[in-house]
Amino acid sequence: MTPPLDIHTVTSRTVSHSWDPNNLSTSPTATFNSPPSSWGGALAHRGAPKQLKPFNTQDIKILLLENVNTTGQDILRGQGYQVEALKTSLPEDQLIVKIRDVHVIGIRSKTKLNQRVLKEAKNLLVVGCFCIGTNQVDLEYAARHGIAVFNSPFANSRSVAELVVAEIIALARQLGDRSSEMHRGTWNKVSAKCWEIRGKTLGIVGYGHIGSQLSVLAEAMGMNVIYYDVVTLMALGTCRQVPTLDNLLEEADFVTLHVPDLPETRGMISTTQFEQMKHGSYLINASRGTVVDIPALVKAMRSGKVAGAALDVYPNEPDANGDYFTNNLINWVEDLRSLNNIILTPHIGGSTEEAQRAIGIEVADALVRYINQGITLGSVNLPEAQLRSLTLDEPNHARVIYIHRNVPGVLRKVNEILGGHNVDKQISDSKGDVAYLMADISNVRYEEIKEFTENLEALSSCIMTRVLY
């Protein structure tokens, strides 16, 4: 197999680089020659994709935290990158020490990449969130410093939907209480306030990928399904959208929440909303811990207004497994644990083998595309941009990636710098204050790459410049 071509990364931050040709594993001339064909002729390569690489692949350092699934690890190691994988998150001071040398960091929900941490990440190119959410990352700071962030927003949708179905049945039959009693040696065979879910109404707040899958499963089990969302969405099956949250709360026997953590969703289920719910109804939250006012839930359950609840997420969550779910975490935990017919799970909605494998593949593939080709499709904080892959019959091409502040006149200055070269294709897009430009240049020599890269870096608008070839 032909070894990968070398590539350099240049940035207006402090990503270390050198234009010393001795750093290349081949001479500049050899770098731009088409690799030899194992099929006996140049025509065999025509149209075949050319693998872009950021620099010697073994120089790419990746840190994976929180036991990222081995599917993702294998994809990254298969590229030849240096991968260090840890099973836990790190305290902030240790994380700062580790992150200084890495180009890529992969995290899940417990690691917090705030401004203090990212400020020390001088070589960091990209963050992979091997989970749904990205609220653990300071996305704005990352964008302003040219650090792309990717996640996997949909890969665990089925796992969460199935968990909610299980919780609906468990709450309706008080299975948690009966199981706990049996473990304590108590036989308590009762049918009072135990229900079938057939014919009951499920109210889904947030009809996205999880909510819509859940509606199909619930209908298959004989439930009537209604949903509320801030936008008008086409219903699946026979479920229907209601115009307001109040309408949903008044009609639903079971209320399940599937909304993001936004200012308008924090505390959206509190005392007023519990008062609007049916007497003896049930609440399930597998979205974000900030959505439900927990003390108000405790009060509603003690009064009998809410007959049962299932919580998988909490406003504060421990950083590691252990005996941490106590009042030392937050002062209402003991009250929550004392309630009857409440299912408390440790943020396991997406914790299935299938979901974690899918997340590992999706995020790792996105990281490889960004590192090797500069493609930002799926990035949550940078503009989404893609150019078609270079081919092996385009050996003397270089791809320039210019991340810059979105101010007037930048494209004119960039095109003046690149104007003396044959720019085959170019794309530019902006997102807020940050813009992302990709350009493929043909028939370019090593010395010319050094010159136009230094000129791009000298522009006052520059956040980061990368060259892939």
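Visitor: What share of the residues in the protein chain is buried?
Guide: Of the 469 residues, 51% are buried. That word means under 20% relative accessible area; over 50% is exposed, and anything in between is partly exposed (1.4 Å probe, protein chains only). Bear in mind that this is a predicted model: local features need pLDDT of at least 70, side-chain atom pairs count only at pLDDT 80 or more, and totals for chains, interfaces and linings use all residues. Residues are numbered from 1 along each chain as its sequence is written, and side-chain values use heavy atoms, with hydrogens and water left out.

Visitor: How many helices and strands does the protein chain have?
Guide: There are 15 helices and 17 strands. Both are DSSP runs numbered from the N terminus: a helix is H or I over at least four residues, a strand is E over at least two.

Visitor: Which strands make up the open sheet of seven, and in what order?
Guide: Read across, it goes β9-β8-β7-β10-β11-β12-β13, with parallel pairing. Two strands pair if DSSP finds at least two bridges between them.

Visitor: What makes β9 and β13 edge strands?
Guide: Each of them, β9 (240-241) and β13, pairs on one side only.

Visitor: How do you know that β7 pairs with β10?
Guide: Four bridges join β7 (residues 201-205) to β10 (residues 254-257), and the definition asks for at least two, so the two strands pair. They run parallel, and Gly203 stands opposite Val255 in β10.

Visitor: Which strands does helix α8 lie across?
Guide: Helix α8 (residues 209-220) lies across β7, β8 (224-228) and β10, at about 175° to β7. Axes are lines fitted to C-alpha atoms, for helices over the stretch in contact, and the angles run from 0 to 180 degrees between N-to-C directions.

Visitor: Why is Ser215 called buried?
Guide: Its relative accessible area is 1%, and the cut-off is under 20%, so Ser215 counts as buried. Ser215 sits in helix α8. Leaving out residues up to four places away in sequence, Ser215 touches Ile204, Tyr207, Val225, Leu236 and Cys239; contact means heavy atoms within 4.5 Å. Cys239 is buried as well, at 5%.

Visitor: Why does Ile343 count as buried?
Guide: Ile343 has 18% relative accessibility, which is under the 20% limit, so buried is the right label. Ile343 lies in β13 (residues 342-344). Among the residues Ile343 touches, beyond four places in sequence, are Glu167, Leu171, Ala309 and Leu311. Another is Ala170: 173 residues away in sequence, but 8.5 Å away in space, C-alpha to C-alpha.

Visitor: What makes the largest nonpolar core a core, and how many residues has it?
Guide: It has 34 residues. The term covers a set of buried Ala, Val, Leu, Ile, Met, Phe, Trp, Tyr and Cys residues joined through side-chain atoms within 4.5 Å. Val205, Val255, Phe274, Leu283, Leu297 and Leu336 have the most contacts inside it. At least two residues each come from β8, α9 (245-251), β10, α11, β12 and α12 (333-337). The largest share, six residues, is from α11. A second, separate core has 33 residues, including Ile60, Ala143, Val368 and Leu382.

Visitor: Which residues of α11 are buried?
Guide: Those are Ile294, Ala296, Leu297, Val298, Ala300 and Met301. Their cover includes α10 (271-276), β11, β12, α12 and β13. Helix α11 (residues 294-302) itself lies across β11 (281-285), β12 (306-311) and β13, at about 145° to β12. After α11 comes Gly304, with a positive phi near 90°.

Visitor: Which strands form the open sheet of five?
Guide: That one runs β3-β2-β4-β5-β6, with parallel pairing. Its edge strands are β3 (82-85) and β6 (148-150), and the twist averages 15° from one strand to the next. Three bridges join β2 (residues 61-64) to β4 (residues 104-107), so this pair also meets the requirement of at least two. Helix α13 (residues 353-373) lies across β4, β5 (126-129) and β6, at about 170° to β5.

Visitor: Why is the sulfur of Cys129 not in a bond with Cys131?
Guide: The two sulfurs are 5.1 Å apart, while a disulfide needs cysteine sulfur atoms within 2.5 Å, so this pair fails. By that rule the count is zero disulfides. Cys129 is buried, at 0%.
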